[in-house]
Amino acid sequence: MTTPSRYWREIPQRYRLEANKCQSCGTVNFPPRLVCPECQKRDLVATKLAEKGKVISYTIIRVPPHQFIDQAPYAVGIVKLDDGVNLMAQIVDCDFEDLKVGMKVRIEFRKIFDEGEAGILCYGYKFVPD
Amino acid sequence: MEGIVGYGAYIPRNRIKVEEIAKVWGADAPSYKKGLMLEEKSVPSPDQDTITMSVESAKNALKRAAIDPVEIGAVYVGSESHPYAVKPSGTVLAEAIGATPEVHTADFEFACKAGTEGMYVALSLVRAGEIKYGLAVGADTSQGAPGDALEYSAAAGAAAFIFGKEKVVAEAVETYSYMTDTPDFWRREYQYYPQHGGRFTGDPAYFKHVVGAGKGIMEKAGLKASDFDYVIFHQPNGKFPFRVGKMLGFEKKQIEPGWLVSKLGNTYSGSSPLGLTATLDISKPGDKILIVSYGSGAGSDAFIFEVQDRIEEVRNLAPRTQQLLEDNINYLEYGEYAKFRQKIKKAE
């Protein structure tokens, strides 16, 4: 169960892909961190992830968590974004036989799931073919 | 000079053909196709709604406007299918494009006219000098009751417009609105599907208001039908826009570039705004464009735009509307469509 407060805390990442970048070693952290996990420096500046990339791996989910039952089967992929960051999300608007490692994708704003008939609607990023 | 500084469209990839719907209800597809001039309509995926399509169309508008979203002072979403009964769609949109927190946001609702309402208010606030840029979106994922004539047309799509005084793509030359209380189409609270007055939705509703607004704005601006290069009318079906065009003295070729309904369906609050995006896509500097929306209940908003030189720089910065209509199409069978639109009763 996603509480409204947890969903709300993640809005900058889920809606706008807000990250931060270490000025010392160049590592991009998503979600943003206070301390760079690579060089332990605290010299981090806000940035946004690239909205395009290439699929480096994917799978088809046929037995999903309960919030995603109506969407199954669906594809989930790891995408190397144009800024070098690897990001995992659903890949939609693509027939499974057309999914390929190396295919170009871009971010689209979609509904991720809803909390039943009466709960909040949770929005965020998915990949679509570019 | 005030006007549109950026525009963008969004259309989901799923379609359902008139034949596929007619087959289920034992209806005669050829007579629907001929009578309503409809071929197929767009259908949202289960993960798409008015909010997601608003965000994508607004992102396309931002690409063309090439402005900093923080400078947007107003964000309006017009729709009759806001995903929440209580909680604004506009706050999600404003947050997703990065326009928060110094922004005025509101949701509009007026059957198929809510999109142009937002456009009118955003433009007026720019004119008044209250805001630098204003964003207005018309978006809908409308539902027609299963088996009803509306099921053949009720579709999904969104169009977004950013208004401002600098970097204008199409100057807003004139505006005009025409309203009366006319109960031709409605949906009561807690009802899933709308009801309509059948043939009553024609003459006393659509035609009276579109003609009223069309004539009114042309008189106000001192222009006649032949002064315009293009005209866009609300498109509840394929026939109405051509019929009302004829009544107002327009020719087919002025209507056609913005006439998307046969392949798109009626996108309600997105209908005439999407027609405007498709028309801007093919327009040249100096072209005059008239748009007249229609919303049941009932009323029409009309705008006259004059296309500026900047159109040439911006039109290819985001996908063209015809391209969205043609690319990566996925045809649905009725069963998938019924699942996508949550028309199937499941166990609790």
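A:Asp95 and B:Arg13 reach across from one chain to the other, and their side chains meet in a salt bridge with an N to O distance of 3.9 Å. This is a predicted model, and the rule finds 5 salt bridges across the interface of chain B and chain A. Let's look at that interface, then at a sheet in chain A.

**Where the chains meet**
- On the chain B side 22 residues are in contact with chain A, which takes part with 19 residues.
- About 1,800 Å² of area is buried between the two chains, and carbon and sulfur atoms give 45% of it.
- B:Arg13, the salt-bridge partner of A:Asp95, joins B:Asp47 and B:Tyr84 as the residues of chain B that lose the most area to chain A; together they make up 28% of what that side buries.

**Polar contacts and the chain B side**
- Between chain B and chain A, 12 residue pairs are in polar contact, counting pairs with both residues at pLDDT 80 or more.
- Two helices of chain B, α3 (50–65) and α4 (89–97), each supply at least two residues of the side that touches chain A.
- The most comes from α3(B), with 5 residues.
- Sorted by type, the residues on this side of chain B are 8 nonpolar, 6 polar and 8 charged.

**A sheet in chain A**
- Chain A has an open sheet of 3 strands with antiparallel pairing, in the order β2-β1-β3.
- β2 (28–29) and β3 (44–48) stand at the edges with a single partner strand each, so one side of each has no neighbour in the sheet.
- Strand β1 (residues 18–22) pairs with β3(A) over 5 bridges.
- Take A:Asn20 as an example: its bridge partner in β3(A) is A:Ala46.

Key. Residues numbered from 1 in each chain as written. Chains lettered and ligands numbered in written order. Predicted model: local features only at pLDDT ≥ 70, side-chain atom pairs only at ≥ 80, totals over all residues. Heavy atoms only, no water. Pairing = 2+ DSSP bridges. Helix = DSSP H or I, 4+ residues; strand = E, 2+ residues; numbered from the N terminus. Contact = heavy atoms within 4.5 Å. Buried area = accessible area lost by both parts, 1.4 Å probe. Salt bridge = Lys/Arg side-chain N within 4 Å of Asp/Glu carboxyl O. Polar contact = N/O pair within 3.5 Å; in protein donor to acceptor, adjacent residues only side chain to side chain. Nonpolar A, V, L, I, M, F, W, Y, C, P; charged D, E, K, R; others polar.
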